[in-house]
Amino acid sequence: MASGNVLAVFVPQNGEPPASNYATLDARNAIMVADFDAAADEAIVFRGYLPGHYSGGGLTVKLYWMATSAVAGACRWQSAIERDDGALDHDADGFATANSAGTTTSGTSGNTNTTTITHASGAEMDSLAANEPFRLKINRDADGTSGTDDMAGDAELLMVAILET
Amino acid sequence: MPVLPDNQRAAVSADFQRDKSDVREGFAALTKADIRAAVNALDDYFDTNASVINLAIPQPARGALTAQQKLDLILRVLRRRVRGD
């Protein structure tokens, strides 16, 4: 079964900041995290390569994160994919429209929360195909454009995993 | 002095959360809306009670200091109480 196959895993150290409004690297218990502000949208971008064993089922992006100090409220996340099929001009971003999901944070700020965002095969993943490079942008929708984000304080991203849906 | 405009109240709330996040200080079970409500209420309180706060300053300071100087003095007293600096 292709569904559930792990296609890529990223940690904050792999991230590249966008030109503005970027999440900032931090450490928590010597674990590197990416801090996302509570008041303004911030993002981090990861570069990857979709493996050849991807069989076209769409992508599931799983975000593992924790609250810096909050023990209540929901955090809203967005993910967007940019395909590099050789026709992409890297002088401008070409991300497909982001998909989003929200999760209420744990009652313990150091516990890991998981937010799952799915991208159907095709336009939702910028028509990315197996054996192609891509970029993945992770954004905290702090101003709640796509849904409720009422968690106070920073959100700290621990890891991103991309699985075949 | 009028109440802060909405964008400046939002900035106060954002800066507070950002500064507390930097030192990993918790907010109990408060949400962003709860913190913003506190900012709004405090700003309204200072506006409503400006004359009462002014009367707390004895003469001749009350008559001699400008409004901005009085606010600066209030800020310094509060900061010393809270942060010790």
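Guide: Welcome! A residue is called buried when its relative accessible area is under 20%. Keep that in mind as we walk through this predicted model.

Visitor: Why is Trp77(A) called buried?

Guide: The relative accessibility of Trp77(A) is 0%. The cut-off is under 20%, so Trp77(A) counts as buried.

Visitor: And what makes Trp65(A) and Trp77(A) a tilted pair?

Guide: Their ring centres lie 5.8 Å apart, with 55 degrees between the planes. Centres within 6.5 Å make a pair, and planes under 30 degrees apart would be stacked, while those over 60 would be edge-to-face. An angle of 55 degrees fits neither, so this pair is tilted. Trp65(A) is also buried, at 0% relative accessibility.

Visitor: Why does this pair tie together parts of the chain?

Guide: Because Trp65(A) sits in strand E5 of chain A and Trp77(A) in strand E6 of chain A, the pair joins parts 12 residues apart in sequence.

Visitor: Why are Phe10(A) and Phe46(A) called stacked?

Guide: Their centres are 5.0 Å apart and the planes meet at 15 degrees. Stacked requires planes under 30 degrees apart, with centres within 6.5 Å, so the name fits. Phe10(A) belongs to strand E1 and Phe46(A) to strand E4 of chain A, and 36 residues separate them.

Visitor: How do you know whether these two rings are buried or exposed?

Guide: Phe10(A) has a relative accessible area of 5%, and Phe46(A) has 1%. The limit is under 20%, so Phe10(A) is buried and so is Phe46(A). Ring pairs also link Phe10(A) and Phe46(A) with Phe134(A) in a cluster.

Visitor: Which residues touch the most other members of the largest nonpolar core?

Guide: Ile138(A) and Leu157(A), in a core of 31 residues. Strand E5 of chain A gives the most to this core, with five residues. With residues up to four places away in sequence left out, Leu157(A) touches Phe46(A), Trp65(A) and Ile138(A), among others.

Visitor: How do you know that strands E6 and E9 of chain A pair?

Guide: Two strands pair if there are at least two bridges between them. E6 (residues 74-83) and E9 (residues 132-140) share seven bridges, in the antiparallel sense, so they qualify. One example is Gln78(A), whose bridge partner in E9(A) is Asn139(A).

Visitor: What makes E4 and E7 of chain A edge strands?

Guide: The open, antiparallel sheet runs E4-E9-E6-E7. Strand E4 (42-50) and strand E7 (99-104) each pair on one side only. From one strand to the next, the twist averages 25 degrees.

Notes
Residues numbered from 1 in each chain as written. Chains lettered and ligands numbered in written order. Predicted model: local features only at pLDDT ≥ 70, side-chain atom pairs only at ≥ 80, totals over all residues. Heavy atoms only, no water. Helix = DSSP H or I, 4+ residues; strand = E, 2+ residues; numbered from the N terminus. Axes fitted to C-alpha atoms, helices over the stretch in contact; angles between N-to-C directions. Core = buried A, V, L, I, M, F, W, Y, C linked by side-chain atoms within 4.5 Å. Buried < 20%, exposed > 50% of the residue type's maximum accessible area, 1.4 Å probe, protein only. Contact = heavy atoms within 4.5 Å. Phe/Tyr/Trp six-rings, centres within 6.5 Å; stacked < 30°, edge-to-face > 60°.
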